[in-house]
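Biologist: Please take one part of this assembly and look at it closely, then follow it outwards to the places where the chains meet. I would like one connected account rather than a list.

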There are 4 protein chains.
Amino acid sequence: MATHRFSPRQFHNTLGSHPPVFTLADGDTLITETLDAHGFDREGRLVASDPNPMTGPFFIEGAEPGDTLAVTIARISMVRATGWTRAGLAANVVDPGAVSRLPRRDKTTWLIDIAASRIAPEIPPPKLRNWSIPVEPMIGCFGVAPDMGQAISTATSGPNGGNMDYRGFRPGTTALFPVSTTGALFFVGDVHGCQGDGEIAGTGIETASEVELTFRVRKNKPINWPRGETAEELFCIGNARPLDQALQHATTEMLDLLKADFGLNELEAGHLLGMAVRYDVANVFNPAYSVACRIGKSWLEGIG
Amino acid sequence: MATHRFSPRQFHNTLGSHPPVFTLADGDTLITETLDAHGFDREGRLVASDPNPMTGPFFIEGAEPGDTLAVTIARISMVRATGWTRAGLAANVVDPGAVSRLPRRDKTTWLIDIAASRIAPEIPPPKLRNWSIPVEPMIGCFGVAPDMGQAISTATSGPNGGNMDYRGFRPGTTALFPVSTTGALFFVGDVHGCQGDGEIAGTGIETASEVELTFRVRKNKPINWPRGETAEELFCIGNARPLDQALQHATTEMLDLLKADFGLNELEAGHLLGMAVRYDVANVFNPAYSVACRIGKSWLEGIG
Amino acid sequence: MATHRFSPRQFHNTLGSHPPVFTLADGDTLITETLDAHGFDREGRLVASDPNPMTGPFFIEGAEPGDTLAVTIARISMVRATGWTRAGLAANVVDPGAVSRLPRRDKTTWLIDIAASRIAPEIPPPKLRNWSIPVEPMIGCFGVAPDMGQAISTATSGPNGGNMDYRGFRPGTTALFPVSTTGALFFVGDVHGCQGDGEIAGTGIETASEVELTFRVRKNKPINWPRGETAEELFCIGNARPLDQALQHATTEMLDLLKADFGLNELEAGHLLGMAVRYDVANVFNPAYSVACRIGKSWLEGIG
Amino acid sequence: MATHRFSPRQFHNTLGSHPPVFTLADGDTLITETLDAHGFDREGRLVASDPNPMTGPFFIEGAEPGDTLAVTIARISMVRATGWTRAGLAANVVDPGAVSRLPRRDKTTWLIDIAASRIAPEIPPPKLRNWSIPVEPMIGCFGVAPDMGQAISTATSGPNGGNMDYRGFRPGTTALFPVSTTGALFFVGDVHGCQGDGEIAGTGIETASEVELTFRVRKNKPINWPRGETAEELFCIGNARPLDQALQHATTEMLDLLKADFGLNELEAGHLLGMAVRYDVANVFNPAYSVACRIGKSWLEGIG
């Protein structure tokens, strides 16, 4: 149950079975830093290449294929006074006939007022001169090594996690990943200071950060897709295109969750989900889109 | 600004340019009844055929093509002690390989305790014996006559509204529809006592209801897709398959809204939406899926 | 078995239960004219409004709901020395990031050399100065009245046919439509002088034409989607978005065809189709895309 | 320009930067063997694990990032008297409501009569007792190492090729792959004795084979997606879900081809493709679907 501080020196652009940079025991806490999506650190120095350079991998003792790695996000701290976005919306989230209305995708700097916990464009367009947004940090890309010895670009995501860009991966959430290799090999990076649903600008507030994460191994608890838990909710993630398939993956995983953890058969789960399910469009920009299938714990009262 | 009570005798299974059953002035309020999706009324009598028989159409004085019809949902009252669903989830919301796990789609009765505002299955499966859900009423299918003299099945939806099955169309919401014909020709029906996101069981709690709606004509305010407004939010709906295209329609409509109502260009709107947008998967069951693109009013503070 | 010549005076922009303009007996042949997609006739006069004004509807004696209407395309004749297209590809058939590369969608005139059966741009861009294409005529939009009293825009398509824009609907093909109303109510229009797969420019060579069609009623032979037959092939059409769903509809309809007409169960049909199926992307432009699922008659030898 | 015969001993389930097993010069020809999709060799011995174990990688001298590797398929020989399929169609190619009609996906043996070049089920279902199909061999999975040091499962495909399952990769076709690493690192396997469009049974006739391939490096000719050339056609492949996106990738790549190789701008290419394009649904089963965008050489006459 120790807390370790790790300063990264090298970074990866794939989630794969790379040599671990650090080993943690089941229950340990890690404090480390992440670069922004283009590889700039807290000082603004370019120290790695894009896309989404990852800190890690971290070897978690006791994690074996068939287990689940639980990662509690205790804290995500802003450590740099700037972040950036791309201007305008991504071409794939508007009608094809409206693409030509979109502005050029210039890199845009935002100022992060860490003390006030507010963010605003450095050079605001006219209508946004008095506008700012809250710091609502989230982890854009994290996960474990995929199966079959694959090494998958941090631009995309899969059953092992990766670039899901889901704003629900925020402080207070425990993320769950299916372990495919001894030690799980956990990676983390691409923190956003704020982001709406869907990452429809193709970016959040891309910035460097310090994260504090606690790891626990759930032995012999296989899952098929990333999941998450907060004080109020349980959720399952599906990563695929189109959104329809991401939603199918997430919903099927939720059926598995309700069966394994609550003993519900498909009839009972159908009654429950038909009335209570909530979906988030996590990202609708990356090569694989991400959908979260959520169930509020209050809807589970009286079950069993 | 009168309030009218109208008792329907005939019903339609298409939204089209049918002869109006009643005329209301701009600002008037209508109290009327809706049948359930299979055509059963508050007494449980079969008085119309499925799918989703509509009450209406109502002619709204002053509404002309190019205008917008605003319909404030003042009240949706449960008037029958039963509702029904289909058992299990719809085949299209789980992985194709999981379809064979789903139960038979038997019609299932739910008891509505109107006084207590709770709903529970009449014959609950074992794990749900002590489980109930709140009454959270919504309008499944409503809208106006489509353009070009079309008459479109109430099983589906389009720019004119229709079977959107969005739980955001609840008491307190003002829905907006683009007017394509003189008098708008408004239809309403298919109320659900409760429903989760996506209508993933293919049904909500299907029941008869009494609705109270207030109509206002917004002259020369053209819109392309249904919209809505609550105390906290503005939203735009896109109706299409797959979800990706429904989301594109809704997002493009939101760009139009932000330009017309707040003066934001595409750069400013991109900054805002990239950080603040929320999406709801309204329905992922009907021939056209529905997605709501939402913006919280609090995110609009400081703009302009 | 008579041949009738009919000169249209009025046109429709929806397929619906409109009053029939002419009645034909089972086995009769019709010779009539079609306008181009914008409503211009063989003389270049604007006589109807877009989209795709239809000649008809024609009442086919003996056709009742549950029957199939077979329409043999005996001839499609070019009758005007010009056709038109939109310049460039449609925005939805290229990567969203490539949309800005596309030229403006100007209306472009093509010259039809009817004697030589060749077509070329009137003002060819430089590289196409010596380039021409063959006349390969097809019917873009035809079908029967939909069910439930619907009236559906000729911009789109459904189980009743409509704007399928499939180049397989050419002379020599017999098209089949499911009858939903007494007399079937057949419509035809939107002939193209030539068109590639998918109608990816959003147009074929849009022109007026004279068509010769023979009608036969297949009693009590219900089908769910349009089908077709040529000397070499049988095919089934699915109309929906995305292409995946259009393909699902077409493939499911082919399973029905193989069961009803050849007695194949799903195991046998799977063996056959897995090895022999061919797909055409009929259109990937209209609100509903169209996919043809085809089986060559030579692959059916030895079956039964 | 030598011909080399290579007998594989080890196999890979990912396309990645694995150590090369053999080196060929630009212009050399390779004769080697492939296993079936489950890892069985020509003698029916299990020598590797699924999915789609690959022979290779082969290092092609002179191939560098930015080049294109051209692989001419000179010959694909059947070398085993048996192949296998899965019974029935894949669940994702029929309507969700029809999935329950499909038979169990049992492994089914087919007999390959190499001398007669015919294939038939070993235990045919009743209606197929006198039915057989021709040997029409194709390569299901081949390609080069992907970029960024990725290692990608042979179950799927991407810009580097992989499991495209396109029946157009047959003898006489030259396949083109974008080179991302020195030596290209070419892999090959998963030959099918026959297969329809879309691989809608999830398999072709899965069998071992001997292939004869000739390699040529096209220096400084970058491409973004796999391409192919036959005596009659040029084609470009897009790999993605849904089919819509695969088609967008393939069509955009064809615009690039027409610009680079024929000097056509987007206006000229639009005129040509709108009339002449053909699409094949290569596979609609794998995690990434594959679409081929084809142009017949006869349609290019007169251009330039």
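Modeller: In this predicted model, strand 7 of chain C pairs with strand 8 of chain C, residues 107-113, in the antiparallel sense, and five bridges join the two. Within that pairing, Arg86(C) lies opposite Lys107(C), a residue of strand 8 of chain C. The two strands belong to an open sheet of four strands in chain C, which runs in the order 7-8-9-10 with antiparallel pairing. Strand 7 (82-86) and strand 10 (133-134) of chain C are the edge strands, and because each has a single partner strand, one side of each is left without a neighbour in the sheet.

From the sheet one can turn to the contact between chain C and chain A. Here five residues of chain C are in contact with five residues of chain A, and the two chains bury about 360 Å² between them, with 84% of that area on carbon and sulfur atoms. On the side of chain C, 71% of the area buried against chain A is supplied by Ala91(C), Pro96(C) and Val99(C), which is more than any other three residues give. The side of chain C that touches chain A is made up of three nonpolar and two polar residues, with no charged ones. Between chain C and chain A the count of salt bridges is zero, and zero residue pairs are found in polar contact across this interface when both residues must be at pLDDT 80 or more.

The geometry of this pair can be stated with equal care. Chain C is superposed on chain A, with an RMSD of 0.0 Å, by a rotation of 180° that has 0.0 Å of shift along its axis; the two copies are thus related as by a two-fold rotation axis. In chain C the C-alpha nearest that axis belongs to Ser100(C), at 3.1 Å from it. The same surface serves both copies, since 100% of the contact residues of chain C recur in chain A.

The interface of chain B and chain A completes the picture. There, 69 residues of chain B are in contact with 69 residues of chain A, and the area buried between these chains is about 5900 Å², of which 63% comes from carbon and sulfur atoms. Lys127(B), His271(B) and Met275(B) are the residues of chain B that lose the most area to chain A, although together they account for 13% of what that side buries. Four salt bridges are found across this interface, among them the one between Asp256(A) and Arg101(B), whose closest N and O atoms are 3.1 Å apart. The interface also holds 26 residue pairs in polar contact, both residues being at pLDDT 80 or more. Strand 8 (107-113) and strand 10 (133-134) of chain B are among the elements that give two or more residues to the side touching chain A, as are helix 1 (243-262), helix 2 (266-276) and strand 20 (278-283) of chain B. By class, that side of chain B has 38 nonpolar, 19 polar and twelve charged residues.

Chain B, too, can be laid on chain A by a turn of 180° and a shift of 0.0 Å along the axis, with an RMSD of 0.0 Å. Leu243(B) is the residue of chain B that comes closest to the rotation axis, its C-alpha lying at 3.0 Å. Because 100% of the interface residues of chain B are also interface residues in chain A, these copies meet through the same surface.

Key: Residues numbered from 1 in each chain as written. Chains lettered and ligands numbered in written order. Predicted model: local features only at pLDDT ≥ 70, side-chain atom pairs only at ≥ 80, totals over all residues. Heavy atoms only, no water. Contact = heavy atoms within 4.5 Å. Buried area = accessible area lost by both parts, 1.4 Å probe. Salt bridge = Lys/Arg side-chain N within 4 Å of Asp/Glu carboxyl O. Polar contact = N/O pair within 3.5 Å; in protein donor to acceptor, adjacent residues only side chain to side chain. Nonpolar A, V, L, I, M, F, W, Y, C, P; charged D, E, K, R; others polar. Least-squares fit on C-alpha atoms with pLDDT ≥ 70 in both. Pairing = 2+ DSSP bridges.
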